[in-house]
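Student: I should like to learn how to read a predicted complex, beginning with its chains and ending with single residues. May we work through an example?

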Amino acid sequence: MIEVLVLLIAPLLAGGLSLVIHRSALLHAINLASMGLLVAAEIMITRTVLRDGPFTVLGGLVYLDALSAFILFIIGVVGLACSLYMRSYMDDQVARGVIAPRRLNLFFFLFHMFLLAMVIATVANSVGVQWVAIEATTLATTFLIAFWRRRESLEAGWKYLILCSVGISLALFGVVLTYYSSLQVLGDVSAALNVTQLLPVADRLNPHVLKLAFIFMLVGYGTKIGLVPMHSWLPDAYTEAPAPVAAMLAGVLEIVAVYAILRMRMIVDHAVPAAFTGGLLALLGFTSFVTAAFFILIQHNYKRLFAYSSIEHMGIAMIGFGVGGPLGTFGGLFHLLNHAFAKSMAFFAAGNIHRRFHTVEIGQVQGLAIAQPWTAMALMVAGLALSALPPFASFVSEVQVVTALAAQGIPGQWLHSSGGMVTFALSDQFSSLGFTGLFLLCAVLAFSGLLYRITGMVWGTPPEGIARGETWTLGHLPIIVLAATLVGFGFFLPQPIRQLLEEATKILLIH
Amino acid sequence: MQISPHIGSQLVDLCSALLLLTCFAIVAQRRLSACVDLFALQSAFLVLTAALVAFLTGNHHIYIAAGLTGLIKVIIIPRVLKKVIERLNVKRELVMNVNVPAGLLICGALVMLAFFITQPIIPLGFLLTRDSLAIALAIVLIGFFTMIARQKAVSQLVGFLVMENGLFLGATAATYGMPLIVELGVFFDVLIAALIAGIYTNRLQDAFDSVDTSHLTVLKE
């Protein structure tokens, strides 16, 4: 109870205080304190969930289980890392005169509102409240993306606002349809959109309505995740956003949207064969993965490179969830975690590089190992982890996903029932082999594209006029810790996290 | 006064149809300020529909939603948009990617699509207003199309607001309104979104000397 209140009040209070305090050191202190409280509350919630199972508080408004605790864990860790990184990053921007000191207030206010909206989206019991919170994340982040107020950032912010709001409106139609179906079973009660009410009666809900609702929600929240073909805002937004904001968008916001889809899927799968939702997720995931792998090859801007790599990894996670089974689901969840860590690290490194080299062109960045050794290390680790090489944890999760894919293939019933779309008849075995082959081919493409660009940036000699050497700041702490975690999780997953992942997998598998 | 369910259902359908009709008017309208007026008119029809549903069903919380719609979508948002348009001085004709007759034809096709999609699920509803679900989806799709077909930032915003009206109609007519907490949240989001978009148009004007989003082409592959 108390920990849930902390979770909601800490960002709210910190956001309010950010508006009235004008000393930058104090702003950062409040930010770190609120993130610290958030992580502490999260740990307590995880312990409760693992001990007693799912629970509701605040009169049924808040519902927490292992899956939401897992998402909260990612929000907490990545948020804390961003807060540490912001200490040196934002002060540096103020010192260089990029932003006026008093605009820090706005930055922190929006940052806390963004966090609050994500926390609400994760703990909300009602599917409707969850929608409201996810739309609120769009509204909170659009000015964060356009924070530098350059032409390009305004363009990226506007594109993000419009595309995501429209996408999300479609998801609201999905929510309305869900309510339409649940009213028929539950009657006109205000709790008819609550997960705790929907799950027990889910098998009696109307399958046609739920199918339609799921498609609307998949498209809507898929826009937020950046699944192809709804991804066009994503590379622009990630490039123009300040580095810590890009890290939050890529590391956390995408995962909250994935969570919203998974929650809906839990309900829909009771009424509709799991192959329907699984097939849709896997196919959308595959489209994103393949498209992004090719786009990675042609990028010459390192922030866009990371943006397309985000689309690629979300695609992989979606394939994992779509294929399903214990292995695929576990791999998908684990991949979300690894991607959040690796991608936030990549954007921290990108922020450091941009401050030193003043360019986002890959061709103009050379000799990072000499100019910024710590950042070069971070970039290499992030690049290797994003290419899913051993010994990094993302290697383990990607292998889990591809193993599940090879064993089970894309859920078949959906493919066969929509015979018009797949005109050539494939035997199940052959199609799963074909998909696995395509998966591995694209993985290699993305791997070579990413590593080729990154090694080009790390080695060589720095151009004239670029300072050499790197002074230690607080912003380096999260980079080192995340790098160590990414390697460590590849060998050994600590017991509480493993248990949390297993419980979350179980929740997703009960059909 | 007691109205028979059949007549009540007809009345709600009539109001929904009026909403749909204003959608077509918006698509056919070339002047930006007239588009905003039409949006306000559509919102007024929405208030009427919601109040009618509230009266017929006795669900009093729909009155709250209707009142909020009136306040936010009939008064506040149109005023904000008018202010923005005045400041931008964009009273000229709108730039359209699709001309008016073709646009109207496409909208007609979208209405048919909406009825086609919702056909299997409408008979399942037990509420007297279930037919409005198809009209609601049609309005959402037309709003979506308006956003694609128009280039000015303000008219894209009008398209978005039309979509929201369609969603609200769907929620009110098909389900007698969402739970109050959700409805309040949605209103809050729409209001903030409109205000943010208003701020954006000012900044875009300052940065590009234009709110024509076709100028937003710096970010390309």
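**Reading a two-chain model**

Tutor: Let us begin with the secondary structure of chain B, which comes to 7 helices and 0 strands. From the N terminus on, its elements run α-α-α-α-α-α-α. Please keep in mind that this is a predicted model.

Student: What confidence does the predictor give to chain B and to the complex?

Tutor: For chain B the average pLDDT is 83, and 86% of the residues score at least 70. For the complex, the predictor gives an ipTM of 0.88 and a pTM of 0.92.

Student: How many helices and strands does chain A have?

Tutor: Chain A comes to 20 helices and 2 strands. Its radius of gyration is 22 Å, close to the 24 Å that the globule rule gives for 511 residues, so chain A is as compact as a globular protein of that length. Along its principal axes, the C-alpha trace of chain A spans about 65 × 55 × 45 Å.

Student: What share of each chain is buried?

Tutor: The criterion is a count of neighbours: a residue is buried if 20 or more other C-beta atoms lie within 10 Å of its own. Buried residues make up 60% of the 511 residues in chain A. In chain B, they make up 49% of the 221 residues.

Student: What share of the contacts joins residues at least 24 apart in sequence?

Tutor: One sets aside pairs with a separation below 6 and then asks how many of the remaining contacts are long-range. In chain A, residues 24 or more positions apart account for 80% of the contacts with a separation of 6 or more. The corresponding share in chain B is 76%.

Student: Which helices of chain A supply the side that touches chain B?

Tutor: One first counts the residues on each side: 34 residues of chain A are in contact with 38 residues of chain B. Helix 5 (127–145), helix 6 (151–186) and helix 8 (207–225) of chain A each supply at least two residues of the side that touches chain B. The largest share, 18 residues, comes from helix 6 of chain A. By residue class, this side of chain A divides into 19 nonpolar, 9 polar and 6 charged residues.

Student: How should one read an individual helix?

Tutor: The general idea is that an α-helix has 3.6 residues a turn, so residues three or four places apart point the same way. Length and burial can then be examined for each helix. Helix 6 (residues 153–175) of chain B has 23 residues and reaches 33 Å from its first C-alpha to its last, close to the 33 Å expected at 1.5 Å a residue. As 23 of the 23 residues of helix 6 of chain B are buried, it is largely enclosed by the rest of the structure. After this helix comes B:Tyr176, whose phi is positive, near 60°.

Student: How many residues of helix 15 of chain A are buried?

Tutor: In helix 15 of chain A, 10 of the 14 residues are buried, so this helix is largely enclosed by the rest of the structure. Among them are A:Thr375, A:Leu379, A:Val381 and A:Leu386. The 14 residues of helix 15 (residues 373–386) should span 20 Å at 1.5 Å a residue, and the end C-alpha atoms are 20 Å apart, which agrees. The helix is followed by A:Ala388, with a positive phi near 60°.

Student: Which residues have the most contacts inside the largest nonpolar core?

Tutor: That core has 272 residues, and those with the most contacts inside it are A:Val256, A:Met345 and B:Ile139. Helix 10 (residues 243–271) of chain A gives the most to this core, with 21 residues. Leaving out residues up to four places away in sequence, A:Val256 touches A:Ile71, A:Met118, A:Ala121, A:Thr122 and A:Ile134.

Student: Finally, is A:Leu210 buried or exposed?

Tutor: A:Leu210, in helix 8 of chain A, is buried, with 27 other C-beta atoms within 10 Å. Beyond residues up to four places away in sequence, A:Leu210 touches A:Ser181, A:Leu205, A:Val268, A:Ala271 and A:Val272. A:Leu210 and A:Asp269 are 59 residues apart in sequence and 9.3 Å apart in space, C-alpha to C-alpha. By contrast, A:Ala33, in helix 2 (residues 24–52) of chain A, is partly exposed, with 15 other C-beta atoms within 10 Å.

Note on methods:
Residues numbered from 1 in each chain as written. Chains lettered and ligands numbered in written order. Predicted model: local features only at pLDDT ≥ 70, side-chain atom pairs only at ≥ 80, totals over all residues. Contact = placed C-beta atoms within 7 Å. Helix = DSSP H or I, 4+ residues; strand = E, 2+ residues; numbered from the N terminus. Nonpolar A, V, L, I, M, F, W, Y, C, P; charged D, E, K, R; others polar. Expected span 1.5 Å × (residues − 1). Buried ≥ 20, exposed ≤ 12 C-beta atoms within 10 Å, placed from the backbone. Core = buried A, V, L, I, M, F, W, Y, C linked by C-beta atoms within 7 Å. pLDDT = per-residue confidence, 0-100. Rg over C-alpha atoms; globule rule 2.2 N^0.38 Å.
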